[in-house]
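Got your viewer open? Here's a short walk through the model, one selection at a time.

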Amino acid sequence: MSPRLLFPLLLCTVPMSIGFGLMNGSLPLTPIEVWHALLGNNDDTATTVLWQLRLPRVLAAFVCGGLLALSGVLLQALLRNPLADPYILGISGGAAVGALAAMLLGAGLATTQLSSFTGASLAIVAVFGLGFRHGERNIYRLLLTGVVVSAGCGALISLLLTLAQGEEVKGMLFWLMGDLSRSQGLPFAWLVLLVVGLCATVFSGGLDVLAGGLDKAAALGVAVGRWQAGLYFAAAVLTVTALQLGGSIGFVGLMIPHAIRLIGVSAHRWLIPLSALLGGSFLVLADTLARTLWSPLQFPVGVFTALLGVPVLLWLLSRRS
Amino acid sequence: MVCRELDMTIRPGECWGVLGQNGVGKTTLLRTLAGLHKPQTGMVSLNDVALADHARRNLAQHLGVLLQSEGGEFWGNVQEYVLLGRFPHRASLFGYSVQDEALAQQALAQMELERLSQQPYNTLSGGERQRAAIAQALTQRAQCYLLDEPLQHLDLRHQAQSMQVFSRLKEKGCALMMVLHDTLWAQRCCDHVLMLFADGHALHGPAQELLTRVHLEALYQCPLRELCVEGERWFVAGV
């Protein structure tokens with residue numbers, strides 16, 4: 001499908017998914033009620049629910065999905081590996097160890113956030129320091145270092161889960177599977193998404209070249225080492241921002257770029273904005289289902305991203321062959 | 001260690017063939033000349049300026065490189081792949097101009113790839129990929145080309161066609177250097193030859209003088225038979 005056709009199409013899904021998210025919940029609203037509550041400054045329950053609860057949550061889901069999808073695009077270009085996702089380089093592992101350790105010690109929300117941020121930063125610095133050699137056109141060292149750090153974090157996560165008791169375990173599992181209910185720093189996340197997304201689109205020509213091979217990219221005038229470092233840190237910032245907002249929500253970063261590619265768009269100039277739009281809409285949909293389907297029970301959103309995404313991706317893959 | 005001492009100049013309008021046994025360092029030499037690999041000693045310069053002093057992009061505007069293996073998966077179609085050759089010349093950050101696209105189209109036609117231009121690159125066969133890579137290099141419009149085994153994977157028709165394309169580049173004043181294994185093509189198209197020997201020494205000079213049985217036997221360390229057909233010397237490995 002032509003990107004010129006796909007772009008307006010995906011743009012239409014944005015208000016649709018956001019509208020869907022705003023209408024559904026423990027207090028179902030009709031589109032007209034949502035409209036009135038958004039515009040009017042009356043003081044009824046609908047307005048309160050919408051402005052205080054639903055809108056922040058839907059906006060958090062959207063920006064989180066956009067961040068993850070964009071991070072996936074950048075890492076797949078950097079590592080030239082179709083299996084790359086925002087968590088492959090150990091960033092989420094570091095963040096999870098930090099968050100879970102804080103939870104185990106009974107820390108509050110702010111401390112947990114700070115701790116997960118510290119864990120992620122340590123992982124980012126460690127993987128970059130150990131895995132990246134400037135001037136060496138071999139990205140496998142970085143990839144393997146990331147995978148090893150991830151594995152180490154995985155072991156620590158299991159250890160922390162074993163040490164935890166009762167309610168703590170549930171909180172930890174929600175963090176691990178993604179949870180958008182305690183969203184903070186929403187404006188900052190939007191700023192990150194817009195700035196990094198815009199920069200990545202501006203430099204998308206270089207990403208196309210880079211994805212075709214590192215020597216080739218160097219021969220075509222791309223300063224490969226600097227690009228790799230830039231891509232790594234851009235993806236790291238996106239991932240950390242998404243982790244702070246919603247925990248480690250799986251599958252979005254891996255699946256969304258592939259879905260766009262399978263539809264037939266591969267030039268990064270289009271892939272970047274389209275992935276961000278689709279990632280955002282998709283996560284809003286998944287999150288709405290996660291919090292309404294068995295309400296008042298709430299499920300981790302990561303469960304639904306996988307449940308929704310797996311069949312779609314499998315269908316796209318089988319159609320292609 | 002590829003080569004102990006090498007002091008040579010490639011001038012516009014010259015076509016050099018690089019010959020040598022497998023693993024002797026032909027690719028390493030080409031990569032060094034392309035600035036993709038730092039030499040242990042000595043220096044390489046382009047237009048009298050050391051490679052290291054050229055900005056990467058500026059270098060890519062003057063120097064086209066055809067790599068033996070690209071080591072990358074390209075997700076787009078063939079036309080988009082060929083268009084990447086315009087990357088160093090791109091005026092705008094947001095895509096390629098109409099002229100860029102016209103040049104890519106021209107190169108696609110030269111390599112007989114028009115029919116495949118909308119097909120995904122990763123569905124191409126080895127020979128088709130090689131032709132696409134050559135088309136990409138042509139699209140780059142460089143003054144100087146370094147070609148690592150440009151004829152690999154190509155059938156006879158496309159071998160002849162590609163060599164014709166390279167000869168035309170030479171006539172237009174481009175400087176070319178290509179790694180070849182076929183001495184016949186070296187004779188037909190190259191005016192100079194560089195021979196890299198396994199012991200680290202190198203011979204370079206006019207193709208007519210160097211492409212003899214004695215030199216080639218020493219180069220490949222195997223007995224050769226020489227056949228003369230219509231004034232062309234063919235060298236065949238003797239058993």
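How many bridges join strand 1 of chain B to strand 7 of chain B, and do they run parallel or antiparallel? Select residues 15–20 of chain B for strand 1 and you'll find five bridges to strand 7, with the two strands running parallel. Keep in mind throughout that this is a predicted model.

**Stop 1: strand 7 of chain B**

Now select residues 192–196 of chain B, which make up strand 7. Five of the five residues here are buried, so the strand is largely enclosed by the rest of the structure. Turn on the side chains: His192(B), Leu194(B) and Leu196(B) point one way, while Val193(B) and Met195(B) point the other way. For a handle on the pairing with strand 1, pick Gly17(B), which stands opposite Val193(B).

**Stop 2: across to strand 8**

Next, add residues 202–206 of chain B, which is strand 8. Five bridges join strand 8 to strand 7 as well, but this pair runs antiparallel. Click Pro206(B) in strand 8 and look straight across: His192(B) stands opposite. Strands 7 and 8 of chain B form a hairpin, with five residues between them. While you're in the turn, check the backbone of Gly200(B), which has a positive phi of about 100°.

**Stop 3: where the chains meet**

Zoom out and show both chains. The contact takes 24 residues from chain A and 27 residues from chain B. Between them, the two chains bury about 2,300 Å², with 61% of that on carbon and sulfur atoms.

Which residues form a salt bridge here? Select Asp215(A) and Arg31(B): their closest N and O atoms are 2.5 Å apart. One salt bridge is found across this interface, along with six residue pairs in polar contact.

Then highlight helix 9 (204–211) and helix 10 (214–219) of chain A, each of which supplies at least two residues to the side that touches chain B. Helix 9 gives the most to that side, with five residues. Color that side of chain A by class and you get nine nonpolar, seven polar and eight charged residues.

**Stop 4: a threonine in chain A**

Last pick: Thr145(A), which sits in helix 6 (residues 140–163) of chain A. Is Thr145(A) buried or exposed? Thr145(A) is buried, because its relative accessible area of 15% falls under the 20% cut-off. Show its surroundings, leaving aside residues up to four places away in sequence, and you'll see Thr145(A) touching Val127(A), Leu130(A) and Gly131(A).

Definitions and conventions: Residues numbered from 1 in each chain as written. Chains lettered and ligands numbered in written order. Predicted model: local features only at pLDDT ≥ 70, side-chain atom pairs only at ≥ 80, totals over all residues. Heavy atoms only, no water. Helix = DSSP H or I, 4+ residues; strand = E, 2+ residues; numbered from the N terminus. Buried < 20%, exposed > 50% of the residue type's maximum accessible area, 1.4 Å probe, protein only. Contact = heavy atoms within 4.5 Å. Buried area = accessible area lost by both parts, 1.4 Å probe. Salt bridge = Lys/Arg side-chain N within 4 Å of Asp/Glu carboxyl O. Polar contact = N/O pair within 3.5 Å; in protein donor to acceptor, adjacent residues only side chain to side chain. Nonpolar A, V, L, I, M, F, W, Y, C, P; charged D, E, K, R; others polar. Pairing = 2+ DSSP bridges.
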